[in-house]
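Work through the exercises below with the coordinates open. Each task is followed by a stepwise solution.

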Amino acid sequence: MLSKLQNHINSKFPFLNGKKLLLATSGGIDSMVLVHLFQQLEYEIALAHCNFQLRGLESFGDQTFVQEYADANSIPIYTTLFDTEAFAKDYKLSTQIAARELRYNWFYELLETEEFDYLLTAHHADDNIETFLINLTRGTGIEGLTGIPEQNEQVIRPLLIFSREEIEHYAQENNIQWREDSSNASDKYLRNKIRHDLVPFFKELNPNFLASFQKTQSFLQEAQVMVEDASIMIYQQVAKEINDTIHFDLKKLKQLPNYNSYLHQWLKEYHFSAWDDIYDLVNAQSGKQIFSENYRLLKDRDVLILEELKKPTDSIYLIDKTQTDVKIPLKLTICKVNDISTTENTIIFVDEDKLQFPLIIRKWNEGDYFYPAGMNGKKKLSKYFKDEKMSLIDKENTWLLCSYDQIVWVIGKRSDQRFTATATTQNIIQLELQ
């Protein structure tokens, strides 16, 4: 097993040589075999042990066992104590999910503060089978069937090539001591039921089940890579990144067979969950939107627009008469000029004598109206936005420059006729949107 691991590291993880490694160590057989193997290979290691306080004195016994092993072998060790049940209750998580959140957050903190290069965990091939079957029973896409990754950034799982039987045999052969977790014997958890009942049944049907499973999972991983490659190619044809948003062209999207699969592939990283609603959004009325915790997907005519949610603001910003620039909420330059030199939307020329200072920058409100330059009469902003075919996102991102309660400029879009400088204006102010 030692030489097999060394060959595996040389093949898959040659970058581990000479690195500072942190080993997640529960005290169970898997993690103690991991520690022993890396001791024999003479890597620079330290141990990290979490006490989740879920099994009373047994949990503290595990901590003592790992601490004594580290001390006896002169291995640096880090330990921590979690109130897992309180954390799970506070954040409305299952105990298992809470424990995972706590330990990985702590591991990543150790990697950074203690300057470790990588974290190693003792996941093995049987863990992979169990994870596959758990995901299968709950319903999953192909990504849920590809198994536990051998590497996830700084997290390395070097024992995935070994079965539980190989690990047990190595432990017995090398007289390795470990702590038995009493909860592993209980069928209270789905993983344990699969471990105790289902996996042995498959192995009875096929003595080479583990090897067959690893081959199948290898094919699935290759298929997943193909899916990701195809997804990237199609994304480049359908999606366009505009400022801080992503626009999906619905006409091009609908030409794809099974376009829902592409939407899922593109949007899953944004943590949407209402997938049926998202698929319906393609044919929904303009203006309908779906939310995840930090993002929204908006139907706007012939596009779907993905945008990160921003904190709402009711703030107003004042400009006094002596100011020459504005930096927040957008960048404006202000100066006096002698004549009118351009008619670009990003620059306006106004009659200073018609302004009431301080000027105000604010968002639009329902009922706002202005007198668009070049037109006769007033127009509601809502009607102007509609005529300009502005999306909900565009409207929300629009700022107004106002003189008291009158709109001077829909900034960057249209000025107000009432304040526009003319050839006879005595005091002309130029405002430019940077």
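**Exercise 1: a salt bridge between helices**

Arg191 has a relative accessible area of 25%, so it is partly exposed. This is a predicted model.

Task: find which residue forms a salt bridge with Arg191, and place both residues in the chain.

Solution.
- Step 1. The partner is Glu130; the closest N and O atoms are 3.2 Å apart. The cut-off is 4 Å.
- Step 2. Arg191 sits in helix α8 (residues 190-205), and Glu130 in helix α6 (residues 125-138). The two are 61 residues apart, so the pair links distant parts of the chain.
- Step 3. Glu130 has a relative accessible area of 1% and is therefore buried, the limit for buried being under 20%.
- Step 4. Now widen the view. Arg191 and Glu130 belong to a network of salt bridges that also links Asp126, Arg164, Glu165, Arg195 and Lys203.

**Exercise 2: the bridge from α1**

Task: Lys4 meets Glu166 in a salt bridge. State the N to O distance, then classify the exposure of Lys4 and of Glu166.

Solution.
- Step 1. The N to O distance is 3.4 Å.
- Step 2. Lys4 lies in helix α1 and Glu166 in helix α7 (residues 164-173). They are 162 residues apart, and the pair links distant parts of the chain.
- Step 3. Lys4 is at 37% relative accessibility, so it is partly exposed. Glu166 is at 31% and is also partly exposed.

**Exercise 3: neighbours in sequence**

Task: is Asp300 buried or exposed, and which residue does Asp300 pair with?

Solution.
- Step 1. Asp300 forms a salt bridge with Arg301, with the closest N and O atoms 3.2 Å apart.
- Step 2. Asp300 is buried because its relative accessible area is 12%.
- Step 3. Arg301 reaches 33%, so it is partly exposed.
- Step 4. For the whole model, the count comes to 20 salt bridges.

**Exercise 4: helix packing**

Task: describe how α1 and α2 pack, and name the residues in contact.

Solution.
- Step 1. Helix α1 (residues 2-12) and helix α2 (residues 29-40) pack at about 75°, their axes 11 Å apart.
- Step 2. The two helices are therefore roughly perpendicular, a class that spans 65 to 115 degrees.
- Step 3. From α1, the contact uses Leu2, Leu5 and Ile9; from α2, Leu37, Phe38 and Gln40.

**Exercise 5: a nonpolar patch**

Task: which residues make the nonpolar surface patch of about 290 Å²?

Solution.
- Step 1. The patch is made by Tyr91, Leu93 and Ile97.
- Step 2. Ile97 belongs to helix α5 (residues 95-113).
- Step 3. Ile97 has a relative accessible area of 40%, so it is partly exposed.

Terms used: Residues are numbered from 1 along each chain as its sequence is written. This is a predicted model: local features need pLDDT of at least 70, side-chain atom pairs count only at pLDDT 80 or more; totals for chains, interfaces and linings use all residues. Side-chain values use heavy atoms; hydrogens and water are left out. Patches are made of residues with over 30% relative accessible area and no salt bridge: like charges are joined within 9 Å, nonpolar side chains (Val, Leu, Ile, Met, Phe, Trp, Tyr) within 5 Å. Accessible areas come from the Shrake-Rupley method with a 1.4 Å probe; for residues, only the protein chains shown count as cover. A salt bridge is a side-chain nitrogen of Lys or Arg within 4 Å of a carboxyl oxygen of Asp or Glu. Helices (H or I, at least four residues) and strands (E, at least two) are DSSP runs, numbered from the N terminus. Buried means under 20% relative accessible area, exposed over 50%, partly exposed in between (1.4 Å probe, protein chains only). Axes are lines fitted to C-alpha atoms, for helices over the stretch in contact, and angles run from 0 to 180 degrees between N-to-C directions. Angles under 35 degrees count as roughly parallel, over 145 as roughly antiparallel, 65 to 115 as roughly perpendicular and the rest as oblique. Contact means heavy atoms within 4.5 Å.
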